[in-house]
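Open your viewer and get ready to select a few residue ranges. We will walk through helix pairs, pockets and cavities, one stop at a time.

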Amino acid sequence: MTQQSTSLLVGLLAGVSAAFLLVSAGSPSSLSFMLFAAAALPILIAGLGWSNLSSIVAVVCAMAVIGLATTPQAALVSAVTTLAPAAWIAHLSNLARPAEEVGGPEGGVAWYPLSDIFINIAFCVCIGLVAVGLAMGYGEDFVSELVEIFVSTLKDSNAAYAPSAEGLAEMKQFFLYALPAIQAAMWVLILFAGWYIASGIVRMSGRSKRPKDDIPSQLRMPHMGAIALVVGVAMSFIDGGIGLIGWTICGAFGVGFVVAGFAIAHHRTRGKPARGLLLWTAYLSCIIFTVPLVFFLFLGLFDTARTLTATGSGPQSKP
């Protein structure tokens, strides 16, 4: 079997797998979120381990299966939020050039920077969610119906729950702006986690082209990420659709700096006797109280860089 035929076959299998995961996630169950989050894995594995052709075939195949099993609209939503971003990330991960061209070790190979991969994930999430929001007509009416369904569900489980009209209005206003930011942040984390897991699987299979990235020392948001975050914050003060897009940008790029902050914490505590205790305390405090996330956000903001992943002799550098 030729390499092209193998890529086509792998792409078809990956596309069918991704489609089954997404279609299954549409059925209400406790595993729905996990299935939806895992849908990018087959596309990433196909692209990272085989070729761009494989990932493109996987995307087209998955869209066809989803369109036939559900609706064409569902296929398009899956494509812009999950399938196409996964194929794009896999393509970027396999890009390489002579290391000396970007100030790296002579005779080595420089791979597409991890920081740039991460910022591309954030951009893809913003584009995908904004496109879906426009198509669905996301706005006050949409959120109002969503909150009323949410409140009705709470009342079914707790008959004593009866929010006032003012409380209900405040809840709707909060969700209107919070949902784009939270969804963007969650989806950036999901796609990055999928890339990380898929990269590990491909390395174990022996098909990985890219060497393992040292995430604690290399994961930093580039300066462009800070600019995007500032633009998002400025847009968030504007009413209407522009403000909603601003909150989406804030969520996607804000969580990027938070993750970079955690990477810095991992890097700076290397070799420290109490490293495990410090990191676990940091993670638990963020999960329980949320407020400490601001510290990691600013930690990531104060250390922006484009780190180089290179194979060959010589130290890594920041181009």
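Before the first selection, one term: helices here are DSSP runs of H or I with at least four residues, numbered from the N terminus. Keep in mind also that this is a predicted model.

**Stop 1: the largest pocket**

Start by selecting α8 (165–205), α9 (215–218), α10 (223–236), α11, α12 (275–289) and α13 (293–301); each of them supplies at least two residues of the lining of the largest pocket. The pocket has a volume of about 1,300 Å³. To find its centre, show Ala 185, Gly 254, Val 255, Val 258 and Leu 293, which are the closest to it of the 37 lining residues.

Which helix gives the most to this lining? It is α8, with twelve residues. Now colour the lining of the largest pocket by class: you should find 33 nonpolar residues, four polar ones and no charged ones.

**Stop 2: the second largest pocket**

Next, move to the second largest pocket, with a volume of about 940 Å³. Here 33 residues form the lining, and the closest to the centre are Gly 133, Tyr 138, Phe 142, Pro 180 and Gln 183. Select α2 (32–38), α5 (72–93), α6, α7 (140–157), α8 and α11 to see the elements that give two or more residues to this lining.

Once again α8 gives the most, this time with nine residues. Colouring by class shows 23 nonpolar, eight polar and two charged residues in the lining of the second largest pocket.

**Stop 3: α6 against α11**

Hide the pockets and select residues 114–136 for helix α6 and residues 241–268 for helix α11. Their axes lie 10 Å apart, and the two helices pack at an angle of about 155 degrees. Angles over 145 degrees count as roughly antiparallel, and α6 and α11 are therefore roughly antiparallel to each other. Their crossing is right-handed.

Now turn on side chains. From α6, the contact uses Phe 118, Ile 119, Ala 122, Phe 123, Cys 126, Leu 129 and Val 130. From α11, look for Ile 245, Thr 248, Ile 249, Ala 252, Phe 253, Gly 256 and Val 259. By class, the contact of α6 with α11 has twelve nonpolar residues, two polar ones and no charged ones.

**Stop 4: α5 against α6**

Keep α6 on screen and add α5. These two helices have axes 9 Å apart and pack at an angle of about 165 degrees, which makes α5 roughly antiparallel to α6. Here, too, the crossing is right-handed.

On the α5 side, pick Val 77, Val 80, Thr 81, Pro 85, Trp 88, Ile 89, Leu 92 and Ser 93. Their partners in α6 are Ile 117, Asn 120, Ile 121, Cys 124, Gly 128 and Val 132. The contact of α5 with α6 divides into ten nonpolar, four polar and no charged residues.

**Stop 5: α1 against α3**

Head towards the N terminus and select residues 3–25 for helix α1 and residues 40–49 for helix α3. The axes come within 7 Å and cross at roughly 165 degrees, so α1 and α3 are roughly antiparallel to each other. Is the crossing of α1 and α3 left-handed or right-handed? It is left-handed.

Val 10, Ala 14, Ser 17, Ala 18 and Leu 21 of α1 meet Pro 42, Ile 43 and Ala 46 of α3. Seven residues of this contact are nonpolar, one is polar and none is charged.

**Stop 6: the cavities**

How many cavities of 30 Å³ or more does the structure hold? There are two.

For the largest, with a volume of about 70 Å³, select Leu 48, Ser 93, Asn 94, Trp 195, Ser 199, Val 202, Arg 203, Ser 208, Lys 209, Arg 210, Pro 211 and Asp 213. α8 supplies the largest share of this lining, four residues. The classes in the lining of the largest cavity are four nonpolar, four polar and four charged.

Finish at the second largest cavity, of about 50 Å³. Its lining is made of Trp 195, Tyr 196, Ser 199, Arg 203, Lys 212, Asp 213 and Ile 215. Again four residues from α8 make up the largest share, and the lining of the second largest cavity has three nonpolar, one polar and three charged residues.

Terms used
Residues are numbered from 1 along each chain as its sequence is written. This is a predicted model: local features need pLDDT of at least 70, side-chain atom pairs count only at pLDDT 80 or more; totals for chains, interfaces and linings use all residues. Side-chain values use heavy atoms; hydrogens and water are left out. Axes are lines fitted to C-alpha atoms, for helices over the stretch in contact, and angles run from 0 to 180 degrees between N-to-C directions. Angles under 35 degrees count as roughly parallel, over 145 as roughly antiparallel, 65 to 115 as roughly perpendicular and the rest as oblique. A crossing is left-handed if the near helix is turned anticlockwise from the far one by less than a right angle, and right-handed if clockwise. Contact means heavy atoms within 4.5 Å. Ala, Val, Leu, Ile, Met, Phe, Trp, Tyr, Cys and Pro count as nonpolar, Asp, Glu, Lys and Arg as charged, and the others, Gly among them, as polar. On a 1 Å grid over the protein atoms alone, a cavity is a set of points where a 1.4 Å probe fits but cannot get out, and a pocket is an open set with protein on both sides within 12 Å along at least five of seven lines; lining residues have an atom within 4 Å of a point. Grid points are joined across faces, edges and corners, and a volume is the space filled by probe spheres set on the points.
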